[in-house]
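Here are some exercises to help you find your way around a new structure. Try each task yourself before reading the solution below it.

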Amino acid sequence: MGTAVRNSPAPQPELYRFSALDYTTVGLYVAVAALFAVAGPLLQPLLLQLSPDPTVAVYSVNLLFYGGVGILAVAAARRVASRDLRVLATRPWFTLIMIPVAVVAMLILTAILVAITGAVQNSANQANVQALVQQVPPWLIVPLLVIVGPFVEEYIFRHLLIGKLSRRVNIWVCCALSTVLFAALHIVGQETLTLPVLMPYLAMGATLVFVYVWTGKNLMFSYFVHAAKNLLAVVFIYAIPPELMDQLQQVQP
């Protein structure tokens, strides 16, 4: 991608200035995430009023949350996304090859870090996602977990925290902040922040940070890698019967 970056259009500084829409999108995202992290149990009776089925209620809330933030994120990042797609189109085969390579690298890094830190521990977030996928049909899950969710997170944690914030803060500080906050987001409010639980998300965040910076801050490339990783996880969960998945989770190295 180094060649593609060198052949890409000249940087456009105006695309990396924080806008009012950026602040609005992040404000909504943080406010709702903090609300559920702090008062999640208190909100459960209210959620169940949406549907007597807890799974449907959880899916509905996530769809409304990510759907609303996603619309704002697309509006805020539309010019950057359009430019980055044009850049990727100049090297289509390289892009198609490097996306699965990046996903494999992410899985390898996760395995190495988990082996270093000890026994793998499934987070509450992973358990919740697995339960949701097992009970909701693919045509409802894919838009949420593969299309909208990854774009929102790449916009916030890569485009804003690195692409835009690095104009004011050292880029390596931004990369570390992006990796840690991305991992913590998936855990906070659900369980204790421990290294074994955080490790898969730290590995994923570090990989996404690397590909984002490596491709010249290409938002769409990191988005495609994130989406591909989530799609792989969704396919994996659907392909394995729930009873076998439960047995696999009970096996600890």
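**Exercise 1.** In this predicted model, find how closely the axes of α6 and α9 come together, and at what angle they cross.

*Solution.* Begin with the axes: those of α6 and α9 come within 9 Å and cross at roughly 145°. Next, look at the hand of the crossing, which is right-handed as α6 passes α9. Then list the residues that make the contact. On the α6 side they include P138, I141, L145, V146 and P150, and on the α9 side they include L219, M220, Y223, A227 and V234. Finally, sort the contact by class: 15 residues are nonpolar, four are polar and three are charged.

**Exercise 2.** Describe the course of helix α6 and say where it bends.

*Solution.* Helix α6 covers residues 138-164. Follow it to G149, where the helix bends by about 35°. A proline, P150, follows within four residues of that point. P150 is also one of the α6 residues in the contact with α9. Now check how covered the helix is: 20 of the 27 residues of α6 are buried, so it counts as mostly covered.

**Exercise 3.** Decide whether V146 is buried or exposed, and find which residues it touches.

*Solution.* First place the residue: V146 is in helix α6. Its relative accessible area is 8%. Buried means under 20%, so V146 is buried. Leaving out residues up to four places away in sequence, V146 touches I141, Y223, A227, N230, L231 and V234. For a look across the chain, take A233: V146 and A233 are 87 residues apart in sequence, yet their C-alpha atoms are 9.6 Å apart in space.

**Exercise 4.** Work out how α7 and α8 meet, and which classes of residue make their contact.

*Solution.* Helix α7 spans residues 171-185 and helix α8 spans residues 195-214. Their axes come within 8 Å and cross at roughly 140°. The crossing of α7 past α8 is right-handed. Among the residues in contact are C175, F182 and A183 of α7, together with L198, Y201, L202 and V209 of α8. By class, this contact holds 13 nonpolar and three polar residues, with no charged ones.

**Exercise 5.** Compare the reach of α8 with the expected value, then find where α8 bends.

*Solution.* Count the residues first: α8 has 20. From first C-alpha to last, the helix reaches 26 Å, which is close to the 28 Å expected at 1.5 Å a residue. The bend is at Y201 and comes to about 25°. Y201 also takes part in the contact with α7. As for cover, 14 of the 20 residues of α8 are buried. V197, found in this helix, is an example: at 2% relative accessibility it counts as buried. The C-alpha atoms of V197 and Q126 are separated by 9.8 Å, although the two residues are 71 apart along the chain.

**Exercise 6.** Find what is notable about the phi of K217, and say where K217 lies.

*Solution.* Start with the rule: most residues other than glycine have a negative phi. K217 has a phi near 60°, a positive value in a residue other than glycine. Its place is in the loop between α8 and α9. G216, just after α8, also takes a positive phi, of about 75°. With 23% relative accessibility, K217 counts as partly exposed. Now turn to D84, which lies in helix α3 and is buried, with a relative accessible area of 2%. D84 touches K217, N218, L219 and M220, not counting residues up to four places away in sequence.

**Exercise 7.** Step back and say how many helices and strands the protein chain has.

*Solution.* The secondary structure comes to ten helices and zero strands. Of the 253 residues in the chain, 40% are buried. Consider next the contacts between residues at least 6 apart in sequence: 80% of them join residues at least 24 apart. For a pair of residues well separated in sequence, look at P13, in the loop between α1 and α2. P13 and R167 are 154 residues apart in sequence, while their C-alpha atoms are 9.3 Å apart. P13 itself is partly exposed, with a relative accessible area of 40%.

Terms used: Residues are numbered from 1 along each chain as its sequence is written. This is a predicted model: local features need pLDDT of at least 70, side-chain atom pairs count only at pLDDT 80 or more; totals for chains, interfaces and linings use all residues. Side-chain values use heavy atoms; hydrogens and water are left out. Axes are lines fitted to C-alpha atoms, for helices over the stretch in contact, and angles run from 0 to 180 degrees between N-to-C directions. Helices (H or I, at least four residues) and strands (E, at least two) are DSSP runs, numbered from the N terminus. A crossing is left-handed if the near helix is turned anticlockwise from the far one by less than a right angle, and right-handed if clockwise. Contact means heavy atoms within 4.5 Å. Ala, Val, Leu, Ile, Met, Phe, Trp, Tyr, Cys and Pro count as nonpolar, Asp, Glu, Lys and Arg as charged, and the others, Gly among them, as polar. The expected span of a helix is 1.5 Å times one less than its number of residues. The bend at a residue is the angle between axes fitted to the seven residues ending there and the seven starting there. Buried means under 20% relative accessible area, exposed over 50%, partly exposed in between (1.4 Å probe, protein chains only).
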